[in-house]
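Visitor: Please give me a close look at a single part of this model, going through its surroundings slowly enough that I can follow each step on the screen.

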Amino acid sequence: MPNIDSAIKRVRTSEKANLLNNNQKSAMRTKIKKYEAAVAESAENSEALLLDAQKAIDSVASKGLIHANKAARDKSRLAKKLNK
């Protein structure tokens, strides 16, 4: 544990940021899994779930939590699953 006040505050803020970042990435993964399950069942709402998953991926990528190329790759793979 740091002794300097500014370092103590930095630890607190970084823990808070890590928690929020992990929550956003987890929510993105959950939306992707819901979409993949809907595609596997040939559900009617799979297009809406695709848009929801792509929106989550874009949101996470815009904040720098995942790389832009990973975001593009994930969105492409999800779109391919719908077209099959």
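Guide: What follows is a close look at one helix, its packing against its neighbours and the loop before it.

This is a predicted model, in which local features need pLDDT of at least 70 and side-chain atom pairs count only at pLDDT 80 or more, while totals for chains, interfaces and linings use all residues. Residues are numbered from 1 along each chain as its sequence is written, and side-chain values use heavy atoms, with hydrogens and water left out.

The part in question is helix α2, residues 46–62; helices here are DSSP runs (H or I, at least four residues), as strands are (E, at least two), numbered from the N terminus. Two packed helices are described by the angle between their axes and the distance between the axes. The axes are lines fitted to C-alpha atoms, for helices over the stretch in contact, with angles running from 0 to 180 degrees between N-to-C directions.

Take the pairing with helix α1 (residues 5–40) to begin with: its axis and that of α2 come within 9 Å and cross at roughly 160 degrees. The two helices are therefore roughly antiparallel, a label given to angles over 145 degrees, whereas those under 35 count as roughly parallel, 65 to 115 as roughly perpendicular and the rest as oblique. Their crossing is left-handed, that is, the near helix is turned anticlockwise from the far one by less than a right angle, clockwise being right-handed. On the α1 side the contact (heavy atoms within 4.5 Å) is made by Q24, K25, M28, K31, I32, K34, Y35, A38 and V39, and on the α2 side by S46, L49, L50, D52, A53, A56, I57 and V60. Sorted by class, this contact holds eleven nonpolar, two polar and four charged residues, where Ala, Val, Leu, Ile, Met, Phe, Trp, Tyr, Cys and Pro count as nonpolar, Asp, Glu, Lys and Arg as charged, and the others, Gly among them, as polar.

Within α2, L49 is in contact with K34, Y35 and A38, leaving aside neighbours within four places in sequence.

Turning to helix α3 (residues 68–83), its axis and that of α2 come within 10 Å and cross at roughly 175 degrees, so this pair too is roughly antiparallel. Here S46, E47, L50, A53, Q54, I57, D58 and A61 of α2 meet A71, D74, K75, L78, A79 and L82 of α3; the classes are eight nonpolar, two polar and four charged residues.

S46 deserves a separate look, since at 8% relative accessibility this residue counts as buried, a word meaning under 20% relative accessible area, with exposed meaning over 50% and partly exposed the range in between (1.4 Å probe, protein chains only). Not counting residues up to four places away in sequence, S46 touches Y35, A38, V39 and L82, and its side chain reaches the backbone oxygen of A43 at 3.3 Å.

In the loop between α1 and α2 lies S42, which is exposed, with a relative accessible area of 63%. Phi of S42 is near 60 degrees, a positive value in a residue other than glycine.

Finally, the axes of α1 and α3 come within 10 Å and cross at roughly 15 degrees, which makes these two roughly parallel. In their contact, I32, Y35, E36 and V39 of α1 meet L78, K81 and L82 of α3.

Definitions and conventions:
Polar contact = N/O pair within 3.5 Å; in protein donor to acceptor, adjacent residues only side chain to side chain.
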